[in-house]
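Subject: Structure handover

Dear colleague,

I am passing on the structure we spoke about, with its sequence, so that you can look through it yourself. My notes on what was found follow directly below.

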Amino acid sequence: MEFRWHYQDAHGREVAGPDVTFAEQTEAEDWFSDQWRDLLEAGVEQVTLLRSEIEVYGPMSLHPAG
């Protein structure tokens with residue numbers, strides 16, 4: 001099983017983003033921690049973590065709370 005991020009706009013519509021996969025959930029989350037600002041600047045508003053095609057969690061906003 002592989003993990004990957006699904007990228008969305010603020011309305012939940014799919015948007016383009018890096019096509020990278022990870023063997024472990026922690027790898028995906030570490031990558032996201034380093035990349036979320038760049039993703040937001042590129043037009044990604046929220047993300048969902050997938051394991052194969054199964055939703056692990058999300059959607060999660062890239063905007064700070066508040």
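Arg 4 has Leu 50, a residue of strand 2, as its bridge partner, and His 6 is matched in the same manner with Thr 48 of strand 2. Please keep in mind throughout that this is a predicted model. Both pairs concern the contact between strand 1 and strand 2 (residues 46-51), which pair in the antiparallel sense over six bridges. On the other flank, strand 2 is joined to strand 3 by five bridges, again with the strands running antiparallel, and here Leu 49 has Tyr 57 in strand 3 as its bridge partner.

Taken together, the three strands form an open sheet with the order 1-2-3 and antiparallel pairing. Strand 1 (3-8) and strand 3 (54-61) are the edge strands, and each has a single partner strand, so one side of each is left without a neighbour in the sheet. On average, and with direction ignored, neighbouring strands of this sheet are turned by 20° against each other. Strand 2 is mostly covered, with five of its six residues buried. Helix 1 (residues 25-41) lies across strand 1, strand 2 and strand 3, and runs at about 30° to strand 1.

The packing of nonpolar side chains comes next. The largest nonpolar core has 12 residues, among them Phe 3, Trp 5, Phe 22, Ala 28, Trp 31, Leu 49 and Leu 62. Strand 1, helix 1 and strand 2 are the elements that give two or more residues to this core, and helix 1 gives the most, with four residues. One member worth selecting in your viewer is Ala 28, which, if its neighbours within four places in sequence are left aside, is in contact with Phe 3, Trp 5, Phe 22 and Leu 49.

Which residues does Thr 48 touch, not counting residues up to four places away in sequence? Thr 48 has its place in strand 2, and its contacts are Arg 4, Trp 5, His 6, Gln 8, Glu 55, Tyr 57, Gly 58 and Pro 59. With a relative accessible area of 3%, Thr 48 is buried, because the limit for that class is under 20%. The side chain of Thr 48 also makes a polar contact with the side chain of Gln 8, at 3.5 Å.

On charged pairs, the count comes to two salt bridges. In one of them the side chains of Glu 53 and Arg 4 meet, with 3.0 Å from N to O. Since Glu 53 lies in the loop between strand 2 and strand 3 while Arg 4 belongs to strand 1, the pair ties together parts that are 49 residues apart in sequence. Glu 53 counts as exposed, at 62% relative accessibility. In the other, the side chains of Asp 9 and Arg 13 meet at 2.9 Å, N to O, and Asp 9 is buried, with a relative accessible area of 14%.

Ala 10 has its place in the loop between strand 1 and helix 1, and at 54% relative accessibility Ala 10 counts as exposed. Ala 10 nevertheless touches Glu 45 and Gln 46, not counting residues up to four places away in sequence. Ala 10 and Val 44 are 34 residues apart in sequence, and their C-alpha atoms are 8.0 Å apart in space.

Finally, there are two points of backbone geometry that you may wish to inspect for yourself. Most residues other than glycine have a negative phi, and most peptide bonds are trans. Ser 52, however, has a positive phi, near 55°, in a residue other than glycine. Ser 52 is found in the loop between strand 2 and strand 3, where the hairpin of these strands has two residues between them, and Ser 52 is partly exposed, with a relative accessible area of 25%. The second point is the peptide bond from Gly 58 to Pro 59, which is cis, with omega near 0°; Pro 59 has its place in strand 3.

With best regards

Key: Residues numbered from 1 in each chain as written. Predicted model: local features only at pLDDT ≥ 70, side-chain atom pairs only at ≥ 80, totals over all residues. Heavy atoms only, no water. Pairing = 2+ DSSP bridges. Axes fitted to C-alpha atoms, helices over the stretch in contact; angles between N-to-C directions. Contact = heavy atoms within 4.5 Å. Buried < 20%, exposed > 50% of the residue type's maximum accessible area, 1.4 Å probe, protein only. Salt bridge = Lys/Arg side-chain N within 4 Å of Asp/Glu carboxyl O. Polar contact = N/O pair within 3.5 Å; in protein donor to acceptor, adjacent residues only side chain to side chain. Core = buried A, V, L, I, M, F, W, Y, C linked by side-chain atoms within 4.5 Å.
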